[in-house]
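The exercises below ask you to read a protein model step by step. Look at the sequence and the structure first, and then compare your own reading with each worked solution.

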Amino acid sequence: MDHEHPLPADSHVHSEYSWDAPLGSMERACARAVELGLPAIAFTEHLDHTAWPVPTEGPYADQRLLDAAGPDGRITPPPFDTRGYLASIERCRDRFPTLTILSGLEVGEPHWHRDAVAAVLAEGPFDRVIGSLHCLPHNGGYAEPFGIFPDRPNADVVRDYLREIPNLVTGSDVFEVLTHIDYPIRHWPGPERFDPRDFEEEFRDALRATARAGRALEINTRLPMDRLILTWWHQEGGEAVSFGSDAHVPEAVANGLREAAAMAEACGFRAGRRPYELWGRVS
């Protein structure tokens, strides 16, 4: 993008109020956003209720996750501190008056935890709610994709993930944006290269269901989205996109957003009148 096009809003940022962001800081993330000239930032903190086991060996063993696990070796997400979070949002709005700061949540598997999610949303207000699929059924419980890859063919894990997306978007109406539809690819095992064309039917089915449910699609820059996925989103009737760095530390705020916005423009989406609005379809 050239200098006439500012950065879009970063609509997916985590602070210390997300259970998996111990190095997060809402104030430092806001300071980073101002430094970069970001017009708006949304702190979409994790609201998770699905418990899952942490790998203890192999390529996906992570000491940070092992430290966060309970005695049973599982991650059991703690309750969300709504009061503390909203107070921090107000403090940051006072401290950074030139930055538009949105409150928000990233709700994990909300179609499996309707009552628990509704109870937290009622404590709002939350300006931007995004929906995520982090876990899949596995071995009588649930697991992250990286916990399933060692046990099943890579392609089966990705297909199962994409086939669950229609259940997510039709089973919960509490979120407006579907985030990281390509989430399993973050941990795609080698040596073969991931090619979205091998999963075109499943991607299109998931994208079509998301569009029909009236949701926007997030271009998550934690892993650069393949342009084919955004092209299919447009072809399947997607009306809007948002952008999210998925930053868990302040230094990662806005990473990749300029390139993602250029791709969105090339695929037929444009910025709204206000910087925090979703980008709408124009062609």
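The radius of gyration is taken here over the C-alpha atoms, and the rule for a globule is 2.2 Å times the number of residues to the power 0.38. The model is a predicted one.

**Exercise 1. Decide what radius of gyration a compact globule of 283 residues would have, and how the protein compares with that value.**

Step one: for 283 residues, a compact globule would have a radius of gyration near 19 Å. Step two: the protein has 18 Å, which agrees with the rule. Step three: taken along the principal axes, the box that the C-alpha atoms fill is roughly 50 × 45 × 35 Å. Step four: of the contacts with a separation of 6 or more, 74% are between residues 24 or more positions apart.

**Exercise 2. Describe the surface of the protein and the share of its residues that are buried.**

Step one: buried residues come to 54% of the 283. Step two: the protein exposes about 12,700 Å², and carbon and sulfur atoms supply 49% of that area. Step three: there are 27 positive and 45 negative side chains, and the centres of these two sets lie 4 Å apart.

**Exercise 3. Trace the order of the strands in the open sheet, and name the strands at its edges.**

Step one: the secondary structure comprises nine helices and 13 strands. Step two: nine strands form an open sheet with mixed pairing, in the order 1-2-5-6-9-10-11-13-12. Step three: the edge strands are strand 1 (10-13) and strand 12 (269-270), each of which pairs on one side only. Step four: strand 1 runs parallel to strand 2 (residues 40-47), and two bridges join them; Asp10 stands opposite Ile41 in strand 2.

**Exercise 4. Find where the cis peptide bonds at Pro125 and Pro191 lie.**

Step one: most peptide bonds are trans. Step two: a cis bond joins Gly124 to Pro125, with omega about 15°, and Pro125 has its place in the loop between helix 4 (114-121) and strand 6 (128-132). Step three: a cis bond also joins Gly190 to Pro191, with omega about 5°, and Pro191 is found in the loop between strand 9 (177-178) and helix 7.

**Exercise 5. Glu109 and Asn139 have a positive phi; decide whether each is buried or exposed.**

Step one: most residues other than glycine have a negative phi. Step two: Glu109, which is not a glycine, has a positive phi of about 45°, and its place is the loop between strand 5 (100-108) and helix 4. Step three: Glu109 counts as buried because its relative accessibility is 1%, and the cut-off for buried is under 20%. Step four: Asn139 has a positive phi near 50° and lies in the loop between strand 7 (136-138) and strand 8 (141-143). Step five: the relative accessible area of Asn139 is 67%, so Asn139 is exposed, the cut-off for exposed being over 50%.

**Exercise 6. Place Arg204 in the structure, and list its contacts beyond its neighbours within four places in sequence.**

Step one: Arg204 belongs to helix 7 (residues 200-212). Step two: Arg204 has a relative accessible area of 18% and is therefore buried, as this value is judged against the cut-off of under 20%. Step three: once the neighbours within four places in sequence are left aside, Arg204 is in contact with Trp232, Gln235 and Glu236.

Terms used
Residues are numbered from 1 along each chain as its sequence is written. This is a predicted model: local features need pLDDT of at least 70, side-chain atom pairs count only at pLDDT 80 or more; totals for chains, interfaces and linings use all residues. Side-chain values use heavy atoms; hydrogens and water are left out. Buried means under 20% relative accessible area, exposed over 50%, partly exposed in between (1.4 Å probe, protein chains only). Contact means heavy atoms within 4.5 Å. Accessible areas come from the Shrake-Rupley method with a 1.4 Å probe; for residues, only the protein chains shown count as cover. Lys and Arg count as positive and Asp and Glu as negative; His and the chain ends are not counted. The place of a charge is taken as NZ of Lys, CZ of Arg, CG of Asp or CD of Glu. Two strands pair if DSSP finds at least two bridges between them.
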